[in-house]
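Work through the exercises below with the sequence and the structure at hand. Each task is followed by a solution in steps.

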Amino acid sequence: MFRLCSDLRPDYPVFSDESRDFFEHIQKLGDKTLKYLESAPNEILKASRLSSTRRQELLDLRYLWESLHEFLRPALDADSLHLPNSLIAALHDRIHETEEWRTYRFTLFHTAEANYLQLPLGMVGDRANDIAALVGAEQFPPGLGHVGIPYSQADGLFLNCTLAHEMAHFIYQRDISRDTENRIDDALDRMVEEIGSLDDDGKSLCQRLVGNWVQEVFCDLFAICLIGPAFSFAFSQLVSASMLIGTPNGVPESFYKFSTSHPAEISRFQYHRKLLAKLGWWKQVRNWSCGPVQVLKTCTQDRSAFSLELDEDLPEKVVPVRLLQCYDEVCNWMIREVPKRVKGCRDGIATFEVQSAVIAAYLQRAIVPSTIIMRGKVIHPKPVTVINAGYKFLFENLRDLLSSIEKEKPDSIESRSRLTGRLELWILKALEDHRLLTGGTVEQ
Amino acid sequence: MSVLPQKEIKRRLELSIKDPASLVITPLLERAKALGSSSEDADSIDLRLGTYFLLPQVPPVPFTYPCKDSAKQSHVRVHVPLGSYLVVPAHETVLGSTLEFIKLPSDLCGEILTKSSVARTFTVIETAPWIHPFYRGCLTLEIANASNTPLILYPGRYIAQLILMTIEKAKAREQKLSGKYLAPVYPEAPKFDDPEDDLKKIGIPKDQIRSPYKKSQSINCSPPHS
């Protein structure tokens, strides 16, 4: 295993700079570990009293490398042919607009799950650093996060907008969690005052639950600040939120359930809508005739049916409704705070308002909208504008486009699915072109 | 049919997309240079090499059989980011595309030619150089290294010249899009119908069509036994 890592040569397939940094670090760790192993027998012979310490170190190394081992292959699978490179680059660019996050970068890896995920802070870095401490290697790049994408979504665009949420987890865990934990503690203290007292285990459980829920909402809000309503639409598709509308037998209960790790989807959509309204996006999207907007409208109506489905029992004194109030208090604080932290979260709205119809006219003619002409002027629309205009086109105009293509049947699901794939390629190409046209970093 | 002059190219590039006469070329990097700043290039547009390629695969049978399945098996996709290069061995071929996405109006057609300096390295970029009116997409390039030495290709460098021509008496208008290669942004493998389907249209019955996979029906080209 060490030899393999020491011999990693990420020349081809092509990887992003972030993935290459990760592989190079693992390569160096592998080199140093090999050297450490080669010298170990002599070291033990020289000082036999150290043998038990060395044995422990060898066991630790084995355990640490085993745990790193599982992250390597999925990252090697995520080469540039199997990732939405230009979307990832656009997300990086948006994050880097905020000064304090300019050093944060993300290595993408493929997951076998049909879901997106972020490896919690330290899961890779801390283990790599533990190995580094044993073998005398350098520290893991501190701003490097790991985000998982389902291997089936490698070259898509729309659903992959949820990557913004996963990137946000890294930022939350590094920079935001401390502030939020204080807010959670304050809210829980007020609850404890009302119920009399709560033992440490009970309070710790409440902190953990509200902390988990709040982190998810933060990441949703962050993603909306980054790329606008596109995130909410992608999330809506990811969780099949269309089940929330037009179902004859009522809304499935699962959408109302708070689990140990996640808040109820309906609650998340409520906060999406609140933030969209606060930023000014809501008036742009509220009249779209599509499921995800309908979902956002529907979700605001009902808060009474929330329930908890937890791995552990809540302390007897803690009433679920009161715990959810604590969660709401912190989320409402975040609605105010997140837009202050994420730079440029309103920048795309004005351009979307004036450019989306023109972008749609390009897409309607099967043209990549990286250069558009408006009143005789040449414009290169920003990624946030293009992505959201693309979503609008998907929801409202795809049928028209299908009608304008020879031999296509506008009502065929197969045709619609194929054309959605095309639409994603055109938008990804527009994002790629935008970087070239505006002097952004060269693609990688 | 006459070659579209630079002035008209520029005018059409600035038309609203709703104007059927509009022309789109994007991304048009180094705009002035691409549109031909020197007088000899004034009526053509220089195009760059894109970053995705399809490398022909050695087929599992000793021939290429153009049929419905050939798109799935005939090529390996490769990404060469800007700054890296692709080596095309001597006498080998590869499918590439232009970096630029092009939309032609219905009253213009075009021809894509190897840039003269590139051609002098015995690189051929097109065997199907004609671009139909109303075409949209990145142009697929059938790149062949006809020289005796390996050739290095850098995506992002100029490789082709696009010449646009007006069609006599044609009027720019909107029309239905073709679905076969709908606005490709990367090189795409060829799409064929099965020979049985094509030949049936001209009255050749299926049982008269020889399949290269059935030995008994093949034409024997081997020399007679001496």
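Two strands pair if DSSP finds at least two bridges between them. The model is a predicted one.

**Exercise 1. Determine the strand order of the open sheet of chain A that holds E1, E2 and E3, and find its edges.**

Solution.
- Step 1: Start with the pairing of E1(A) and strand E3 (residues 144–150) of chain A, which is parallel and runs over seven bridges. Within E3(A), A:His146 is the residue opposite A:Thr107.
- Step 2: Place the three strands. The order is E1-E3-E2, in an open sheet with mixed pairing.
- Step 3: Read off the edges. Strand E1 (105–111) and strand E2 (117–118) of chain A each have a single partner strand, so one side of each has no neighbour in the sheet.

**Exercise 2. Find which strands helices H3 and H6 of chain A lie across.**

Solution.
- Step 1: Helix H3 (residues 51–77) of chain A lies across E1 and E3 of that chain, at about 95 degrees to E1(A).
- Step 2: Helix H6 (residues 163–195) of chain A lies across E1, E2 and E3 of chain A, and runs at about 150 degrees to E3(A).

**Exercise 3. Describe how helices H9 and H12 of chain A pack.**

Solution.
- Step 1: Two packed helices are described by the angle between their axes and the distance between the axes.
- Step 2: For helix H9 (residues 265–279) and helix H12 (residues 320–341) of chain A, the angle is about 40 degrees and the axes are 11 Å apart. The crossing of H9(A) and H12(A) is right-handed.
- Step 3: List the contact residues. H9(A) brings A:Tyr271, A:Lys274, A:Leu275, A:Lys278 and A:Leu279, while H12(A) brings A:Cys331, A:Ile335 and A:Pro339.
- Step 4: Sort them by class: six are nonpolar, none is polar and two are charged.

**Exercise 4. Identify the partners of strand E7 of chain B and state how far E7(B) is covered.**

Solution.
- Step 1: Strand E2 (residues 24–26) of chain B pairs with E7(B) in the antiparallel sense over three bridges. Here B:Val24 has B:Lys103 as its bridge partner.
- Step 2: Strand E11 (residues 136–145) of chain B also pairs with E7(B) in the antiparallel sense, over eight bridges. B:Leu95 is bridged to B:Glu142 in E11(B).
- Step 3: Of the eleven residues of E7(B) (residues 93–103), ten are buried.

**Exercise 5. Which helix of chain A gives the most to the side that touches chain B?**

Solution.
- Step 1: The contact takes 28 residues from chain A and 25 residues from chain B.
- Step 2: H16(A) gives the most to the chain A side, with seven residues.
- Step 3: By class, that side has 14 nonpolar, six polar and eight charged residues.

Definitions and conventions: Residues are numbered from 1 along each chain as its sequence is written. Chains are lettered from A and ligands numbered from 1 in the order in which they are written. This is a predicted model: local features need pLDDT of at least 70, side-chain atom pairs count only at pLDDT 80 or more; totals for chains, interfaces and linings use all residues. Helices (H or I, at least four residues) and strands (E, at least two) are DSSP runs, numbered from the N terminus. Two residues are in contact if their C-beta atoms, placed from the backbone, lie within 7 Å. Axes are lines fitted to C-alpha atoms, for helices over the stretch in contact, and angles run from 0 to 180 degrees between N-to-C directions. Ala, Val, Leu, Ile, Met, Phe, Trp, Tyr, Cys and Pro count as nonpolar, Asp, Glu, Lys and Arg as charged, and the others, Gly among them, as polar. A residue is buried if 20 or more other C-beta atoms lie within 10 Å of its own, exposed if 12 or fewer, and partly exposed in between; C-beta atoms are placed from the backbone. A crossing is left-handed if the near helix is turned anticlockwise from the far one by less than a right angle, and right-handed if clockwise.
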